[in-house]
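The following exercises concern charged side chains and their pairing. Please consult the sequence and the structure before working through each solution.

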Amino acid sequence: EDLMEKNKAQIIAKKEMLERIEQEEKELVKRMMEKIAKDEEEEQRKEESRRLLKQQFINEAKEQRLQKARLEEKEKEREYTEQVKLQEQADYKERIINEAKKRLMEKYAEELR
């Protein structure tokens, strides 16, 4: 009977040991899965951050191109306005000169009569 008791105790001890090992393995697997989930979540946050920075860069570059185009358009308008003004001044000068010539010719024609 003593041998049977020892055998029974060994079986119980072995069963308890296997249960502890199984529990430890479950805990280890659980911790590993939590770590993996945490790492994946962190990687997703980093990826989202990179995506947002890239989008911000693209938006800023687009805005800079638009500003440059607006400045170029304003400069073209300024140059056109300046050109029109210069042409108007040249036309005015030409009219004044032509009128003066006409008056001189008329005066000269009067003197010849």
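**Exercises on salt bridges**

In this predicted model, the side chains of R45 and E42 come together in a salt bridge, at 2.4 Å from N to O.

**Exercise 1.** Determine where R45 and E42 lie and how many residues apart they are.

*Solution.* Step 1: both residues belong to helix α1, which covers residues 2-112. Step 2: R45 and E42 are 3 residues apart, about one turn of the helix. Step 3: R45 is partly exposed, its relative accessible area being 45%, and E42 is partly exposed at 32%. Step 4: E41, E42 and R45 are linked in a network of salt bridges.

**Exercise 2.** Establish whether the N to O distance of 3.6 Å between the side chains of E99 and R103 meets the criterion for a salt bridge.

*Solution.* Step 1: the criterion requires a side-chain nitrogen of Lys or Arg within 4 Å of a carboxyl oxygen of Asp or Glu. Step 2: the side chains of E99 and R103 do form a salt bridge, at 3.6 Å. Step 3: both residues lie in helix α1, 4 residues apart, about one turn of the helix.

**Exercise 3.** Classify E99 and R103 as buried, partly exposed or exposed.

*Solution.* Step 1: exposed means over 50% relative accessible area. Step 2: R103 has 53% and is therefore exposed. Step 3: E99 has 39% and is partly exposed.

**Exercise 4.** Describe the salt bridge between R70 and E63.

*Solution.* Step 1: the closest N and O atoms of R70 and E63 are 3.0 Å apart. Step 2: R70 is partly exposed, with a relative accessible area of 45%. Step 3: E63 is likewise partly exposed, at 35%.

Note on methods. Residues numbered from 1 in each chain as written. Predicted model: local features only at pLDDT ≥ 70, side-chain atom pairs only at ≥ 80, totals over all residues. Heavy atoms only, no water. Helix = DSSP H or I, 4+ residues; strand = E, 2+ residues; numbered from the N terminus. Buried < 20%, exposed > 50% of the residue type's maximum accessible area, 1.4 Å probe, protein only.
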